[in-house]
Amino acid sequence: MIVTKNYMDIKIWLQEQIAQESGKQIADTSCDEEFENFDLDSLSLVSLSYELETKFDLDIGPTVFTEFNTINKLSEWVETQK
């Protein structure tokens with residue numbers, strides 16, 4: 001299911017996904033914290049990148065998490081993709 005690429009929707013979705021993958025509470029998943037601080041392994045990042053591609057109809061790879069290294073930065077980038 002492809003959804004609208006609205007910044008807040010993307011941000012909330014990413015926060016939920018990262019909390020689930022990292023085993024943290026959503027409240028403990030800061031949107032300004034770098035992804036590397038969430039202790040996600042490479043399999044989790046591959047899974048997240050696939051889910052991100054599918055949900056928002058993008059063509060990306062797991063390196064997107066190093067290029068845009070926070071939830072806020074990644075949300076802004078996703079919103080600008082057509």
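**Leu52 and helix α2**

Helix α2, a DSSP run (H or I, at least four residues) numbered from the N terminus, has 15 residues and reaches 21 Å from its first C-alpha to its last, close to the 21 Å expected at 1.5 Å a residue; the expected span is 1.5 Å times one less than the number of residues. This is a predicted model, where local features need pLDDT of at least 70, side-chain atom pairs count only at pLDDT 80 or more, and totals for chains, interfaces and linings use all residues. Residues are numbered from 1 along each chain as its sequence is written, and side-chain values use heavy atoms, leaving out hydrogens and water.

Student: Is Leu52 buried or exposed?
Tutor: Leu52 lies in helix α2, residues 42-56. Buried means under 20% relative accessible area, exposed over 50% and partly exposed in between, with a 1.4 Å probe and protein chains only. Leu52 has a relative accessible area of 0%, so Leu52 is buried.

Student: Which elements do the buried residues of α2 pack against?
Tutor: The buried residues of α2 include Leu45, Leu48, Leu52 and Phe56. Contact means heavy atoms within 4.5 Å. The buried residues of α2 pack against α1 (7-22), α3 (64-67) and α4 (71-80).

Student: What distance separates the C-alpha atoms of Leu52 and Leu14?
Tutor: Leu52 touches Leu14, among other residues, not counting those up to four places away in sequence. Leu52 and Leu14 are 38 residues apart along the chain, and their C-alpha atoms are separated by 8.3 Å.

Student: Which residue just after α2 takes a positive phi?
Tutor: Helix α2 covers residues 42-56. The positive phi, about 50°, just after α2 belongs to Asp57.

Terms used
Helix = DSSP H or I, 4+ residues; strand = E, 2+ residues; numbered from the N terminus.
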